Structures are given as structure tokens and as C-alpha cells.
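User: I should like to learn how to read individual features in a structural model. Could we work through some cases together?

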Amino acid sequence: MLKLWAALVFVTVAMHSTTLVWSPVFWIDEVQILDFGRSLVFEPDTTWSISWLPEERPAATYGYLGPALQEGVYRMSGFQAWAPRLASVLGGAAAATALLLWLWARGVGAY
């Protein structure tokens, strides 16, 4: 059963990977995710943001650690749009695998 799961994850990631560079623009949710990560970790004293709070500061809380990882991947890739998209796909595959393993550990049937 684990081999079937690994094959399904591989096919899914491979299919998504072929489309990561087709969209040349950044969608607003991608921009906002990266902005949360930028203003939390990489530029905490920034004077600009697309996510601004009424207290006249960027929206940045520690609940946004995931976007900080996305921003880190974006910076390590040389600011390429495909990098945080690929990180999201791989993160989704890892989360689905963790959930499946947890369900199996709890005795839930495979099918």
C-alpha cells in the first residue's frame, strides 16, 4: 500500500511541477504570502507592506511562520516564481503523507 501511495504522490508532484512556470504572473495570494514572510523574518523593520494594520505597521505575527518559509525559498531561488509554488506542492505532499501515516497508526483501514 505504501508503494501505491508513493507512486500517487510522485505522479501528482510531477504533474504539478510541469505547470509551475506556465503562469508568469504572481497571483495576489502568492504576493500576500511572501509579504507576510518578508515582513516577519527577513525585513521586520520594513516601512511598506501590502498587508498593513491600522496601527500603521505591517501585518506580521508568529502565526505566519509558513509564509516565512515560502519567502526563504523564494530568496534562495534567486526570486523565481516557481520556487514557492514547488515548495507548496511538496509541503502538501508531505502533509498528506503525514496524515495518511497517522490514520494508519490509528488503525483506520487503508481504503
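User: Which backbone oxygen lies 2.7 Å from a polar atom of the side chain of Ser17?

Analyst: One looks for a partner of the side-chain polar atom. In this predicted model, the partner is the backbone oxygen of Val13, 2.7 Å from the polar atom of Ser17. Ser17 belongs to helix α1, residues 2-19. Its relative accessible area is 30%, so Ser17 is partly exposed.

User: Is Ser51 buried or exposed?

Analyst: Relative accessibility decides this, and buried means under 20%. Ser51 has 6% and therefore counts as buried. Ser51 sits in the loop between α2 (28-42) and β1. Leaving aside residues up to four places away in sequence, Ser51 touches Gln32, Asp35, Phe36, Arg57, Pro58 and Ala59. With Gln32 there is also a side-chain polar contact of 3.1 Å.

User: What span should the 24 residues of α4 have, and how far apart are its end C-alpha atoms?

Analyst: The approach is to compare an expected span with the distance between the helix ends. At 1.5 Å a residue, α4 should span 34 Å, and its end C-alpha atoms are 34 Å apart, which agrees. Helix α4 covers residues 82-105 and has the highest mean pLDDT among the elements, 93, whereas strand β1 (residues 52-53) has the lowest, 81.

User: Against which helices do the buried residues of α4 pack?

Analyst: Burial is read first, and packing partners second. Buried in α4 are Ala83, Pro84, Arg85, Val89, Ala93 and Leu100. The buried residues of this helix pack against α1, α2 and α3 (65-76).

User: With which residue does Arg85 form a salt bridge?

Analyst: For a salt bridge, one reads the closest N and O atoms and then the location of each partner. Arg85 pairs with Glu30, the closest N and O atoms being 2.5 Å apart. Arg85 lies in helix α4 and Glu30 in helix α2, so this pair ties together parts 55 residues apart in sequence. Both partners are buried, Arg85 at 11% relative accessible area and Glu30 at 18%.

User: Which residues are linked in a network of salt bridges?

Analyst: Here one follows the bridges from residue to residue. The network links Asp35, Arg38, Glu43, Glu71 and Arg75. Glu43 meets Arg38 at 2.9 Å, N to O, and forms a salt bridge with Arg75, where the closest N and O atoms are 3.1 Å apart. The pair of Glu43 and Arg75 links distant parts of the chain, 32 residues apart: Glu43 is in the loop between α2 and β1, and Arg75 in helix α3. As to accessibility, Arg38 is buried at 6%, while Glu43 is partly exposed at 29%, and Arg75 is partly exposed at 28%.

How values were computed: Residues numbered from 1 in each chain as written. Predicted model: local features only at pLDDT ≥ 70, side-chain atom pairs only at ≥ 80, totals over all residues. Heavy atoms only, no water. Helix = DSSP H or I, 4+ residues; strand = E, 2+ residues; numbered from the N terminus. Buried < 20%, exposed > 50% of the residue type's maximum accessible area, 1.4 Å probe, protein only. Polar contact = N/O pair within 3.5 Å; in protein donor to acceptor, adjacent residues only side chain to side chain. pLDDT = per-residue confidence, 0-100. Contact = heavy atoms within 4.5 Å. Expected span 1.5 Å × (residues − 1). Salt bridge = Lys/Arg side-chain N within 4 Å of Asp/Glu carboxyl O.
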